Amino acid sequence: MAKVWRMEKGVEEGMRELLRFLLRSHKVQGVISLLKLPDGGVAYALITDQATVQDAVPLYPLMPTNAATVLSRITLLGSPQEPLAAVLRPCELRAFVELVKRKQGSVENFLFISSTCGGVYPLKLAAQGRVKEADYWIAVRQGEIPAGIRPTCRGCNQFLPYNADITVKLAGNRELNKRCDLILNTEKGEEFLSGLEGEIHDEEAPGEEVKLLLQKRGEAKKELYEELKSEELGLSGLVDIFGRCLNCHACGNACPLCYCELCDFDSRDYEYDPSTYLAQLAERGGIKVPPNSLIYQLGRLTHMGISCVGCGMCTDVCPAAIPVGSIFYRVGEQVQARFDYVPGRDLAEDVPLTVFKEKEFQEVGR
Amino acid sequence: MPEEFEPKIIGFICKWCTYAAADLAGTSRLQYPPSFLPIRVMCSSRVDPLGVIKTFLEGADGVLIGGCHPGDCHYVQGNYYTRRRFVLLQAVFAGLGLEAERLQLSWISASEGVRFAQVVRDYARKIKNLGPNPTKREIFL
């Protein structure tokens, strides 16, 4: 059983009321939420002014930046002095937890508000002005997978947030436009809400609608993997896919987990000197210039594949339409399974490569 | 007549155990394939998975990582980390359908000169059966 705070207003207005309330009652110094831009786009912003909240769209189905990156920027040198509230998606919260494990931020003094997420649209769709919010909410309300969302969102079965103080009921919540249901996961969440309009009741969580959607997403994930068949790619398959990579490293830049300030791959170490290019010509009969797009992806997989949360930022920003995110999601999951690790599940769980047990993997090494 | 394929194997081997075993194999006049190219590292945990991938993509037919037996690491815990990294590397290779068989992790102590020669011989035979690494012919890496 879970405690649920119910406000008798639509979920979007309810969320804005919640943010206004938190600011008005000085329970938080500011809130981090998506904010509508004058040109119709959205961006993450730190809002301290109640009046600005009317432009906040905390649940808008777009991820302009992974919020983990935003939070890491704010907390890199320590937690905020005064409490802040952040509205973010489950995968963003998981990515942030992974960053905190790597000492790239702090979770202290934060109220995390997440949701049973319906997924987000690719950024390209938004740039073309083709985000149909009304259709999105109809699909979410009915517990369906909205058409056209990110491929990794379609197959995401981790839309129930870990580590959130408050979870907004979205997926399969049929009364979205009339009610705003906030599941109180922690005492902290409850404390912060005391004084807010609405009433508390108990209910079964996760509800039936979530279980149904889990099933649908599971099937969609299977389809995604079947289409991808990453374990059958082999070298030639990888070359087919990443051969068109233009080494822009946008995927790494957009990735919330690629946090290194100086990336080894941005150095000239991965270039060849001119004589090597010519020597390779003789040996291979040709060589791609600049080289090493595949090693970048494989390197990234070994560096942060273990923590990949499948947010899909990388696919979104790829100018060569390479399904980077789907591949990372799939391979990441296989790597994580070897260590029985779910990225972002628990701050107390160490990143598997930073610890070991003496008696494990005894079949490895011969 | 085409030349017979001799696999080129790069070995990242730890100074304290496997490299010493290689020395022992040498002074004991034990035979192992000359196409095995040892690179001495201070500890097997010094080997970044990225280095292994780079070696693989540059066309090495096999990559052998050698370290002390678990529990015997000169730096006490180094090879436990190596083991986890190797598991990761294998999972990435398997997940993408790359030939994980071209990578091997072996525990060979300083006294195991005979074993060192045997491991390298066996591994070279295995790689020979696999054939040349296809990355050698790829242009769009």
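**Two chains in contact, and how the terms apply**

Author: In this predicted model, the contact between the chains takes 33 residues from chain B and 37 residues from chain A. On the chain B side, the elements giving two or more residues are α2 (49-57), α3 (78-95) and β4 (103-107) of chain B.

Reader: Which element gives the largest share of the side of chain B that touches chain A?

Author: That's α3(B), with 13 residues. By class, the side of chain B that touches chain A has 21 nonpolar, six polar and six charged residues.

Reader: Let's move to chain A. What makes α2(A) and α3(A) oblique to each other?

Author: Take the angle. The axes of helix α2 (residues 67-75) of chain A and helix α3 (residues 90-101) of chain A cross at roughly 40 degrees, and they come within 8 Å. Under 35 degrees would count as roughly parallel, and 65 to 115 as roughly perpendicular. Roughly 40 degrees fits neither range, so α2(A) and α3(A) are oblique. As for hand, the crossing of α2(A) and α3(A) is right-handed.

Reader: Which residues make the contact of α2(A) and α3(A)?

Author: From α2(A) you have A:A67, A:A68, A:L71 and A:S72, and from α3(A) there are A:E92, A:A95, A:F96 and A:L99. Sorted by class, the contact of α2(A) with α3(A) has six nonpolar, one polar and one charged residues.

Reader: Then what about α1(B) and α4(B): oblique or perpendicular?

Author: Same routine. The axes of helix α1 (residues 18-27) of chain B and helix α4 (residues 113-130) of chain B cross at roughly 95 degrees and come within 7 Å. That makes α1(B) roughly perpendicular to α4(B), because the range for that word is 65 to 115 degrees.

Reader: And what makes up the contact of α1(B) and α4(B)?

Author: On α1(B), look at B:T18, B:A21, B:A22, B:L24 and B:A25; on α4(B), at B:G113, B:R115, B:F116 and B:A117. The contact of α1(B) with α4(B) has six nonpolar, two polar and one charged residues by class.

Reader: How do you know which are the edge strands of the four-stranded sheet in chain B?

Author: Read along the order of this open sheet, β2-β1-β3-β4 (chain B), with parallel pairing. The edge strands are β2 (36-41) and β4 of chain B, and each pairs on one side only. Neighbouring strands of this sheet are turned by 20 degrees against each other on average, direction ignored.

Reader: How do you know that β3(B) and β4(B) pair?

Author: Count the bridges. Strand β3 (residues 62-67) of chain B and β4(B) are joined in the parallel sense by five bridges. Two strands pair if there are at least two bridges between them, so β3(B) and β4(B) qualify. One residue pair to look up is B:L64, whose bridge partner in β4(B) is B:Q104.

Reader: What is the order of the eight-stranded sheet in chain A?

Author: The order of this open sheet is β3-β2-β4-β5-β6-β7-β1-β8 (chain A), and the pairing is mixed. Its edge strands, β3 (42-47) and β8 of chain A, each pair on one side only. From one strand to the next, the twist averages 30 degrees.

Reader: What makes the pairing "mixed" in that sheet?

Author: Look at individual pairs. Strand β5 (residues 110-115) of chain A and strand β6 (residues 166-168) of chain A run parallel, joined by three bridges; A:S114 stands opposite A:T167 in β6(A). Strand β1 (residues 2-7) of chain A and strand β8 (residues 199-203) of chain A, on the other hand, pair in the antiparallel sense over five bridges, with A:D202 in β8(A) as the bridge partner of A:K3. β1(A) also pairs with strand β7 (residues 180-184) of chain A, in the antiparallel sense over five bridges, and there A:V4 has A:I183 as its bridge partner.

Reader: Last one: what are the domains of chain A?

Author: The domain assignment gives domain 1 (2-225) and domain 2 (232-354). Over C-alpha atoms, 29 Å separate the centres of domain 1 of chain A and domain 2 of chain A. Their contact takes 28 residues from domain 1 of chain A and 21 residues from domain 2 of chain A.

Terms used
Residues numbered from 1 in each chain as written. Chains lettered and ligands numbered in written order. Predicted model: local features only at pLDDT ≥ 70, side-chain atom pairs only at ≥ 80, totals over all residues. Axes fitted to C-alpha atoms, helices over the stretch in contact; angles between N-to-C directions. Parallel < 35°, antiparallel > 145°, perpendicular 65-115°, else oblique. Left-handed = near helix turned anticlockwise from the far one by under 90°. Contact = placed C-beta atoms within 7 Å. Nonpolar A, V, L, I, M, F, W, Y, C, P; charged D, E, K, R; others polar. Domains from an automatic or database assignment.
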